[in-house]
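Dear colleague,

Please find below the structure that I am handing over to you. My notes on what was found in it follow.

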Amino acid sequence: MKKLSIAGTVSVLARAFEDNKAFWLREGKSESEAFELALREAGDIKHDPFSPNGAVLDEEAQESFVEVMNTLA
């Protein structure tokens, strides 16, 4: 199966994070709760959720994305 580039992985994670955060805010969660839930979900993604038969994410880029986003929390 195809593996996404680092840039592709970060792009997918950023989009998924924003989509998930917006979802949790609509569900009535606070900004900080929505941030935490969306970040946890971004860390659990294994394949591009926006593409049929989505490519595998770059694991190192995913770990870095989660680490950097944690510093913003």
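May I begin with a question: does asparagine 53 count as buried or exposed, and at what relative accessibility? Asparagine 53 counts as exposed, because its relative accessibility is 74% and the threshold for that class is over 50%. The residue is found in the loop between H2 and H3. Its phi is near 50°, a positive value in a residue other than glycine. Most residues other than glycine have a negative phi. Between the C-alpha atoms of asparagine 53 and asparagine 70 there are 29 Å, with the two residues 17 apart along the chain.

Before the remaining findings, a word on confidence. Please bear in mind that this is a predicted model. The chain has a mean pLDDT of 95, and 100% of its residues reach 70 or more. Among the elements of the chain, helix H1 (residues 6–26) has the highest mean pLDDT, at 97, and H3 the lowest, at 94.

Salt bridges

How many salt bridges does a search of the whole structure find? The search finds 3, and I describe each of them in turn.

One of them joins the side chains of lysine 3 and aspartate 58, with an N to O distance of 4.0 Å. Lysine 3 lies in the segment before H1 and aspartate 58 in the loop between H2 and H3, so this pair ties together parts that are 55 residues apart in sequence. The two partners can also be described by their accessibility: lysine 3 is exposed, with a relative accessible area of 52%, whereas aspartate 58 is buried, with a relative accessible area of 13%. Two C-alpha separations describe the surroundings of this pair. The C-alpha atoms of aspartate 58 and isoleucine 6 are separated by 6.0 Å, although these residues are 52 apart along the chain. For lysine 3 and glutamate 59, which are 56 residues apart along the chain, the C-alpha separation is 9.8 Å.

Another salt bridge is formed by glutamate 31 with lysine 21, whose closest N and O atoms are 2.6 Å apart. This pair links distant parts of the chain, with glutamate 31 in helix H2 and lysine 21 in helix H1, 10 residues apart. Glutamate 31 counts as partly exposed at 45% relative accessibility, while lysine 21 counts as buried at 15%.

The side chains of glutamate 36 and arginine 40 also meet in a salt bridge, at 3.2 Å from N to O. Both residues belong to helix H2, and because they are 4 residues apart there, about one helical turn separates them. Glutamate 36 is partly exposed, with a relative accessible area of 48%, and arginine 40 is likewise partly exposed, with a relative accessible area of 48%.

The negative patch

Which residues form a negative surface patch? The patch is formed by Glu59, Glu60, Glu63 and Glu67. Glutamate 59 lies in helix H3, and glutamate 67 is found in that helix too, which spans residues 59–72. Why do these two glutamates count as exposed? Glutamate 59 does so because its relative accessibility is 55%, and glutamate 67 because its relative accessible area is 52%, where the class requires over 50%. Aspartate 58, by contrast, has its place in the loop between helix H2 (31–44) and H3.

The loop between H1 and H2

Finally, I draw your attention to glycine 28, which is found in the loop between H1 and H2. Glycine 28 counts as exposed, at 63% relative accessibility. Its C-alpha atom is separated by 30 Å from that of glycine 54, and the two glycines are 26 residues apart along the chain.

With kind regards

How values were computed: Residues numbered from 1 in each chain as written. Predicted model: local features only at pLDDT ≥ 70, side-chain atom pairs only at ≥ 80, totals over all residues. Heavy atoms only, no water. Patch = residues over 30% accessible without salt bridge, like charges linked within 9 Å, V, L, I, M, F, W, Y side chains within 5 Å. Areas by Shrake-Rupley, 256 points an atom, 1.4 Å probe, with all protein chains shown as cover. Lys, Arg positive; Asp, Glu negative; His and termini not counted. Charge placed at Lys NZ, Arg CZ, Asp CG, Glu CD. Helix = DSSP H or I, 4+ residues; strand = E, 2+ residues; numbered from the N terminus. Buried < 20%, exposed > 50% of the residue type's maximum accessible area, 1.4 Å probe, protein only. pLDDT = per-residue confidence, 0-100.
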